[in-house]
Amino acid sequence: MRLVDTLALWLGALRGHGSRSAMLLLAVAIGVLAVVLLTGLGEGARSFLLSEFSLLGRNTLIILPGRNETTGGMPPITGMAPRDLTLQDARAVGRLPHVWRVAPLQAGQVQVSVDNRSREALVLGSTRDFFAIRQLELAHGQALPELDPGQAEAVCVIGARLRRELFGARPALGQWLRAGDRRFRVVGILAERGESFGMDVADMLIIPVASAQALFNREGLLRVFVEVQGPAFMAISRQQILSTLQARHEGKEDVTLISQDSMLAAFGDILGVLNLAVAGIAAIGLLVAGILIMNVTWISVSQRTAEIGLLKTIGATAGQVRLLFLGEALLLALAGALGGVLCAEALLWLARAALHVPLYAPWWARLGSLSLALCCALLFAWLPASRAAAMAPVMALRPAGGLS
Amino acid sequence: MIRLRGLTRHFQAGEQRVVGLDALQLDIHAGDYLAVMGPSGSGKSTLLNILGLLDAPDAGEYWLDGVATAALSEARRAELRSRTIGFVFQSYHLIPRLTALENIELPMLLAGIEPNLRRRRSGELVERLGLGDRLSHRPGELSGGQRQRVAIARAMVMQPALLLADEPTGNLDSRAGGEVIALLEELNDDGLTLVLVTHDAEHAARARRQLRLRDGRIVDEALLEPA
């Protein structure tokens, strides 16, 4: 049989049984849609989180006060440490051989106001190096001045949204604002960047660390960011930081060090497993679609016994009969799967446009669901198609139903 | 052309064993016009199905063009059905979703014949059978006589040597039935071997050779001299 003619016969049969074809098409499309959409969501969430953590940088370590006793769990984000992490600790770490930059961080919620406009804002106390380590970009003005960490100064850098809310259309650079019981002059405005590591930089106010200590009346640091000279120095620096701080803290190991890699590993594993589980659930949906294909092909073979008998009478071989039924199922599965992928991509595109989250289905999910749909169709249509092929023509012809 | 020796076929109907054919002996020569008559259950259709390679005998030999068909593979049988044997049924057996032309061309499609040759062959037949203006209609839109003519065109389109007709006029009124018989006889005049199973004694009487079957055996045979 010529390929074109075979194709025409397949299409003719599918058109001839329109509602049945449509039902199958829908089932396969929904199965594939589920796989692509769910993995797209999962993978999107994963890459979103990973990119957030990546902002930490591969050379960066974070020192948190307090020791996490159980390994593997999340380190304490806040919490009372037996002993504070001080500016002197940060300085000592900064003197270590492979450490490039150190940024101590102090933070708290404070009422910020300009004239009669006022709102609660997250105030971070740090140094100029903090901008480099956290890759904060400035839209206007400049970062905090190069100061000794112990030196307070009444300057601040504010986030874009905070600027809008406090100053409206007026220029903010060089103006004064009030934070708690102190006044700060605006020297820089952060570029819009959205969420970063759980904090919205657009709502932040950044002041020198010593000013923050005075503002919050608290000596202890929330955390210290350390940037080493390169990824190769991470392990050794981790050791040196731990032993330095242990020595300074009377022999107690009471800090926790986290790095991008350790975070990524923890989250990546969890999300990876989650993603596989979701894909698995979706694949079961596809399998159900496969079983539907089998049922429908089976019904199709039963209803068309007379047609099969006729085909054999006019010279069709068993192989041709099998090919005809398999081809119909495969064509349906292919059309359904492509439709499903297209729908899923359209939905993901809409979600991306609406949520600004990078939701992309991975290539393995698209190809996998496509080939799974085809395999299902082939596998599940094989049995009924073989039954049709093996039918003795005289038996198939006996009930003349279905032909005119 | 056809040699049947001791051809036997039984069917199992529940507990009972029903005789289809009982040690039938028959020779059919190329160009023969053979009418097979008999009451229902006499084995007419069984004979036709075995001749058409749609069914296989339980015992006995069937030689087609000097070939023992029992030894043939299923693929070879399919090829013989495609190229040597044409089949016409009482209830037409047209595929309802295909147009008349598509039904006619279906055997050539299966045989892998290219479209140009298909058009030429179906065109000649269609003209001869007077179906020219009905080609794009589906079987549901055709009269019984037209449907049977489409079925005959489909059976003839691979230019077989043998045409087997199983009560081709059974569903037709006498006028349409007469036209169909005339058409088959015309094809026979061109050299086609024709085996016609019929209830209608009037139609059977026109055949040069007439068989009467009962319980799977030939009980009467008549040979007419060509008029």
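Colleague: Why are H3(A) and H7(A) called oblique to each other?

Modeller: Start with the angle. The axes of helix H3 (residues 87-94) and helix H7 (residues 234-248) of chain A cross at roughly 140 degrees. Angles under 35 degrees count as roughly parallel, over 145 as roughly antiparallel, 65 to 115 as roughly perpendicular, and the rest as oblique. An angle of roughly 140 degrees falls in the rest, so H3(A) and H7(A) are oblique. One caution: this is a predicted model, where local features need pLDDT of at least 70 and side-chain atom pairs pLDDT 80 or more, while totals for chains, interfaces and linings use all residues. As for names, residues count from 1 along each chain as written, chains are lettered from A and ligands numbered from 1 in written order.

Colleague: What makes H3 and H7 helices, and what is an axis here?

Modeller: Helices are DSSP runs (H or I, at least four residues), strands are E runs of at least two, and both are numbered from the N terminus. An axis is a line fitted to C-alpha atoms, for helices over the stretch in contact, with angles from 0 to 180 degrees between N-to-C directions. The axes of H3(A) and H7(A) come within 10 Å.

Colleague: Which residues of H3(A) and H7(A) meet?

Modeller: Asp89(A), Ala92(A) and Val93(A) of H3(A) meet Ile241(A), Thr244(A), Leu245(A) and Arg248(A) of H7(A). Contact means C-beta atoms, placed from the backbone, within 7 Å. The contact has 4 nonpolar, 1 polar and 2 charged residues (nonpolar: Ala, Val, Leu, Ile, Met, Phe, Trp, Tyr, Cys, Pro; charged: Asp, Glu, Lys, Arg; polar: the others, with Gly).

Colleague: Why are H8(A) and H11(A) called roughly parallel?

Modeller: Helix H8 (residues 260-303) and helix H11 (residues 363-390) of chain A cross at roughly 25 degrees, with axes within 8 Å. That angle is on the roughly parallel side of the cut-off, which is why H8(A) and H11(A) get that name. Their contact divides into 22 nonpolar, 3 polar and 1 charged residues.

Colleague: Which hand does the crossing of H8(A) and H11(A) have?

Modeller: Right-handed. The near helix is turned clockwise from the far one by less than a right angle; anticlockwise would be left-handed.

Colleague: And in chain B, what makes H3(B) oblique to H4(B)?

Modeller: Helix H3 (residues 100-110) and helix H4 (residues 115-129) of chain B cross at roughly 125 degrees. That value makes H3(B) oblique to H4(B). The contact is made by Leu101(B), Ile104(B), Glu105(B) and Met108(B) of H3(B) with Arg118(B), Arg121(B) and Ser122(B) of H4(B). By class, these are 3 nonpolar, 1 polar and 3 charged.

Colleague: Is Glu167(B) buried or exposed, and how do you know?

Modeller: Count its neighbours. Glu167(B) has 20 other C-beta atoms within 10 Å. Buried means 20 or more, exposed 12 or fewer, partly exposed in between, with C-beta atoms placed from the backbone. So Glu167(B) is buried. Glu167(B) sits in the loop between strand S7 (162-166) and helix H6 (174-189) of chain B.

Colleague: Why is Ala23(B) called partly exposed?

Modeller: Ala23(B) has 13 other C-beta atoms within 10 Å, so the label is partly exposed. Ala23(B) lies in strand S2 (residues 16-28) of chain B.

Colleague: What makes the phi of Ala23(B) and of Glu167(B) worth noting?

Modeller: Most residues other than glycine have a negative phi. Ala23(B) has a positive phi near 45 degrees. Glu167(B) also has a positive phi, of about 45 degrees, and is not a glycine.

Colleague: What about Trp63(B), in strand S4 (residues 59-64) of chain B?

Modeller: Trp63(B) has 15 other C-beta atoms within 10 Å, so Trp63(B) is partly exposed. Leaving aside neighbours within four places in sequence, Trp63(B) is in contact with Ile2(B), Arg3(B) and Ala68(B). Trp63(B) and Ile2(B) are 61 residues apart in sequence, but 5.7 Å apart in space, C-alpha to C-alpha.

Colleague: How many residues of each chain touch the other?

Modeller: 22 residues of chain A are in contact with 29 residues of chain B. On chain A's side, 12 are nonpolar, 7 polar and 3 charged.

Colleague: How much of each chain is buried?

Modeller: Buried residues make up 40% of the 404 residues in chain A, and 46% of the 227 residues in chain B.

Definitions and conventions:
Contact = placed C-beta atoms within 7 Å.
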